[in-house]
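Trainee: I keep reading labels like "oblique" and "salt bridge" and taking them on trust. Can we go through some and check where they come from?

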Amino acid sequence: MTLLRRPGRAVTVDGRSTRPDGPPRQPANGRARRLLGMGVARLVVVVVLLAVWQLVVRIWLPAYLPTPTGVAREFFSTLGDHEFDDALSASVVAIVLGLVIGCSVGVPFGLLTGRVPWLRRFSAPYIGGLYALPLIVLVPTITIWLGYSDSARLVLIIVAAALPCAVNT
């Protein structure tokens, strides 16, 4: 029985929407049940893989690989360490600073190359080539130039932020 008709769509008493081009849609609770079942299945797979990892390492490779429980124990003990807090804060500051500098350089450069034809013709091969280049290739070059320091890390983050901003602006 149809309660309401709209162009191309009808709603039935049980809340299902029928489409003229295909089967009726599943009710929302059926979709939720299916998604919940998929989530449980994924959780079961992860638990089984962790259990197999634990057993294999305990039985055959105790000297070569850590167990999942050992990894979890070290992870939680590291979270309370002050060195971890210092390293995390330094990384977050470098990422935020690099993104701000990279976007503040990349967006104006992208706008400028969009407006000035001779600048676009001059810079397009270089920007396009750098954009197509995997950033991991730049790591040794920048490390040789700047050493293994915070400034090298900041330059990599700036380049990683500026190139997409310049190309996509």
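Mentor: Sure. A helix here is a DSSP run of H or I with at least four residues, and helices are numbered from the N terminus. Keep in mind that this is a predicted model.

Trainee: What makes Arg-153 and Asp-150 a salt bridge?

Mentor: The cut-off is a side-chain nitrogen of Lys or Arg within 4 Å of a carboxyl oxygen of Asp or Glu. For Arg-153 and Asp-150 the closest N and O atoms are 3.0 Å apart, so the pair fits that definition. The structure holds 1 salt bridge. Both residues sit in helix α6, 3 residues apart, about one turn of the helix.

Trainee: Why can such side chains pair at all?

Mentor: Because opposite charges can pair when the charged atoms come close.

Trainee: How do you know whether Asp-150 is buried or exposed?

Mentor: Exposed means over 50% relative accessible area. Asp-150 has 55%, so Asp-150 counts as exposed. Arg-153 is at 30%, and since partly exposed runs between 20% and 50%, that is its label.

Trainee: And why is α5 called oblique to α6?

Mentor: Their axes come within 9 Å and cross at roughly 140°. That makes α5 oblique to α6, because roughly antiparallel would need an angle over 145 degrees. The crossing is right-handed.

Trainee: Which residues of α5 meet α6?

Mentor: Leu-138, Val-139, Ile-142 and Leu-146 do, and their partners in α6 include Ser-151 and Val-155. By class, that contact has 8 nonpolar, 1 polar and no charged residues.

How values were computed
Residues numbered from 1 in each chain as written. Predicted model: local features only at pLDDT ≥ 70, side-chain atom pairs only at ≥ 80, totals over all residues. Heavy atoms only, no water. Axes fitted to C-alpha atoms, helices over the stretch in contact; angles between N-to-C directions. Helix = DSSP H or I, 4+ residues; strand = E, 2+ residues; numbered from the N terminus. Parallel < 35°, antiparallel > 145°, perpendicular 65-115°, else oblique. Left-handed = near helix turned anticlockwise from the far one by under 90°. Contact = heavy atoms within 4.5 Å. Nonpolar A, V, L, I, M, F, W, Y, C, P; charged D, E, K, R; others polar. Buried < 20%, exposed > 50% of the residue type's maximum accessible area, 1.4 Å probe, protein only.
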